[in-house]
Amino acid sequence: MTSAKDSPAGQKGQPSQTESESPQLTGIRILDFSHILAGPFCTRLLADLGAEVLKVETDTRPERMGATRIDPASKRRQDRPPSFLNINRNKRSITINLKTEGGRALATQLATKADIVVENFSAEVMKRLGLAYEHLQPLNPRLIYVSMSGFGHNGPRKDWTSMNMSLQAYTGLMMVTGAEGDLPTAISNSWNDYIGGLHACHAVLQALAERERTGTGRNLDLAQFECSVATIAPLVIASAFNGEVPPRQGSRSTHAAPQGCYQCAGKDDWCAISVENDGQWKALVSRMGSPAWANEGRFSSLAGRIRHHDELDRNLEAWTRQFTPLEIENRLKPAGIACERMRRMNEIVGAPDAGNVYRWMEDPPSRTLATGLPFEFSTSTVAPLSPAPRVGEHTKAALEEWLGLSAAKIAELAATGALE
Amino acid sequence: MVRIVDLTAHSGIYASRLMVESGHDVIRVEPPQGDAVRRLGPYLGGTPNLELGAFHLFLNAGKRSLTLNLDASPGRDIFLALVKTADAVVANVPLPLTLEEIAQANEKLAVVGVEDDAGPELCAYARSGLLAITGHPGKRPALLGGHIVYAATGLYVAVAMSAALYGRQRSGHGQIVKVSIRQCLETLAEQSMIAYAAEGKITQRRGYRGAITAVSGAFPTSDGYWMASMPTTPGRWAEFMKWVQDPVLMADKSLEDEAERLVKRDFILDRLEAWSRQFPKEQMVEEAQRRHIPGTPVAVPLDLAQDPQLWARGFFEEKEHEEAGRPVLSPRGAIGVVLGTSLRPAPKRGQHNAEILRELGFSEVEHRALVESGAV
């Protein structure tokens with residue numbers, strides 16, 4: 001892989017596709033105090049873009065990230081749970097005991113050498129540790145400081161604790177998902193952590209660009225609550241103006257009908273169908289064998305299909321129930337109708353027609369399936385996949401490289417308990 | 001401040017909104033009849049109006065609008081002239097021009113192409129593994145509402161664009177970035193992938209109960225629902241039991257371990273629901289937060305418009321709006337609130353045609369001719 005020094009900088013025109021450059025964030029140092037998911041997901045994206053991410057951990061309370069039981073008989077790596085291996089790949093680990101004065105002093109010194117500090121504690125924690133922006137900025141005016149608390153560092157609810165599910169509820173996701181009359185409907189993943197992490201990553205990249213021009217850093221006090229509310233802001237605007245909440249759409253659209261999830265043969269199998277125009281509707285009718293109900297006038301226009309959507313759905317589902325989701329796909333796709341079976345991971349991992357964003361990574365003693373970036377640059381490369389660090393694996397190396405500490409000095413620090 | 005030329009469709013457009021929040025000059029190039037995002041309801045006032053769609057008002061806030069017909073010259077030529085003055089172009093493909101043709105017009109350009117390579121929103125969602133984990137157990141799965149999914153894909157587009165722009169500052173030249181919507185959605189399903197790849201488990205729809213940790217869910221109250229999500233750190237369960245005081249749960253010491261709670265979660269949640277029904281939701285939420293348990297209301301969008309935390313943080317402004325006839329809520333957004341950005345209302349169709357064409361060196365006479373020919 002060519003490095004930035006090898007690529008022909010300063011040539012006219014865009015580099016040809018055979019030339020490649022090192023990742024955009026090469027040389028950028030991130031001191032990462034974040035834990036669990038939102039912050040670590042953000043720093044993983046930045047690591048993929050080439051940054052050196054130094055994750056601050058402590059031996060006294062290693063991050064468990066979920067309650068997966070360790071299996072002594074398993075051939076897989078056992079020092080971290082599987083989710084940790086995925087989220088924290090491409091990072092380094094240093095152990096610092098922030099409960100000791102020596103540990104906090106060391107963290108401060110590292111922060112003066114960092115381009116970016118990331119943390120996702122609740123509002124007051126970094127202040128108490130003497131590691132808030134107000135402490136670090138005078139020592140390092142170029143520092144970009146990213147906080148990713150639940151609700152931000154000011155306001156009446158800044159000290160509220162939050163986790164994914166409570167945010168799914170509080171940000172309105174559960175009551176805009178599903179159809180009218182449904183119970184609150186959630187997604188079985190840490191959705192808000194991904195939304196928060198992505199916003200933070202964008203904010204960091206913007207601050208880095210700004211710093212190139214101004215020479216100074218920024219304090220980015222992000223609230224995960226606001227990141228998620230922003231994703232349904234249109235409905236908040238409409239509700240405020242109209243004085244009422246728009247009806248829940250289920251899986252329907254105002255621009256396609258029929259559209260929905262239809263049950264197929266089997267215990268819990270479904271397909272998604274979306275008919276966007278009258279031509280596709282006619283094709284669907286034909287593929288269903290031209291049943292009498294489908295040829296009735298009220299279904300011939302999009303407006304009519306929307307008006308009679310309930311009846312349309314009942315009839316369509318009576319048809320889909322006869323077939324497996326794959327059979328439905330094979331019948332409808334060739335006719336130009338948008339149709340996808342509801343896939344579970346067993347039909348995605350290893351599937352030749354999947355998106356290919358999951359990539360195997362050597363992770364001794366075995367390997368880990370890692371999530372890559374869903375975009376590709378024409379000239380910039382991204383960092384090659386590398387395993388998540390063992391606890392404190394890079395303590396010595398980081399202290400040497402960032403602070404120039406000698407082996408003797410490091411041993412001295414270790415003796416005080418600052419490096420636990 | 002950089003200049004972004006924006007031709008995104010719904011799956012990419014949140015990216016250009018985020019660029020406005022970050023303080024940049026975003027010019028939205030639309031067809032003369034206006035873009036598709038204007039045609040998404042709900043509408044302020046309830047009837048379709050190309051200036052009052054809620055998605056348009058939020059996603060296009062702070063942008064300038066230039067209408068162009070890109071299918072032929074001179075619309076294409078004006079577009080390329082505009083591109084020469086820009087720092088980035090972001091667009092859903094295919095376009096009447098290729099990304100390479102756009103890149104050739106300006107060697108310093110960051111060109112971001114978004115590929116809707118998994119079909120319409122619901123179908124892409126089904127294909128990604130996300131549909132399989134949204135909804136209630138055994139019941140019809142659901143698409144996340146409010147087109148939240150496209151905000152997520154737009155976030156990836158913003159990251160790709162911001163990375164390309166930063167890289168450009170260091171290298172001095174632009175490049176082309178291609179974003180795959182199919183891959184964006186699959187990355188969001190990675191927790192299901194991890195459970196499957198590492199443990200052979202298929203993640204199920206769990207409604208709102210115990211999706212990640214055992215004790216999490218919407219619990220009915222005397223007057224609605226509240227959400228509780230109890231952290232799994234050691235000792236929290238014991239603290240929680242001090243509040244709940246359930247003798248049956250407290251008698252089972254094995255429940256102090258999260259792994260055991262996951263196994264017995266339905267039993268635990270049933271008992272907690274019976275307890276919760278006795279009290280009103282505000283009381284539950286306040287008491288939970290007092291005890292450092294993440295309790296929150298189950299909110300609807302109207303609740304959020306009045307939320308005290310959002311208003312205190314400066315998340316909302318109110319802006320006068322001519323077409324609407326009265327002030328409209330104008331969120332600064334998650335990035336805008338941190339940077340203190342105040343966004344102009346979303347532009348009318350072609351509102352900035354005269355201004356932009358003037359910037360590009362066209363006279364008023366030339367502008368009129370372009371309008372007459374249908375190029376603008």
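The legends below describe views of a predicted model with chains A and B.

**View 1. The two domains of chain A.** Chain A is divided into domain 1, which is made up of the segments 29–66, 77–232 and 357–416, and domain 2, which covers residues 259–347. Measuring from centre to centre over C-alpha atoms, domain 1 of chain A and domain 2 of chain A are separated by 44 Å.

**View 2. The build of chain B.** Chain B holds 18 helices and 11 strands, and its C-alpha atoms fill a box of roughly 85 × 50 × 40 Å along the principal axes. Of the 376 residues in chain B, 57% are buried. When contacts in chain B between residues at least 6 apart in sequence are considered, 64% of them join residues that are at least 24 apart.

**View 3. The contact between chain A and chain B.** In this contact, 121 residues come from chain B and 118 residues come from chain A. On the side of chain B that touches chain A, the most is given by helix 6 of chain B (residues 148–171), which supplies 17 residues. Sorted by class, this side of chain B consists of 73 nonpolar, 36 polar and 12 charged residues.

**View 4. Strands pairing across the two chains.** Strand 12 of chain A, residues 375–377, pairs in the antiparallel sense with strand 6 of chain B, residues 175–180, and three bridges join the two strands. Within this view, Phe375(A) can be found opposite Val179(B), a residue that belongs to strand 6 of chain B.

Conventions: Residues are numbered from 1 along each chain as its sequence is written. Chains are lettered from A and ligands numbered from 1 in the order in which they are written. This is a predicted model: local features need pLDDT of at least 70, side-chain atom pairs count only at pLDDT 80 or more; totals for chains, interfaces and linings use all residues. Domain bounds come from an automatic or database domain assignment. Helices (H or I, at least four residues) and strands (E, at least two) are DSSP runs, numbered from the N terminus. A residue is buried if 20 or more other C-beta atoms lie within 10 Å of its own, exposed if 12 or fewer, and partly exposed in between; C-beta atoms are placed from the backbone. Two residues are in contact if their C-beta atoms, placed from the backbone, lie within 7 Å. Ala, Val, Leu, Ile, Met, Phe, Trp, Tyr, Cys and Pro count as nonpolar, Asp, Glu, Lys and Arg as charged, and the others, Gly among them, as polar. Two strands pair if DSSP finds at least two bridges between them.
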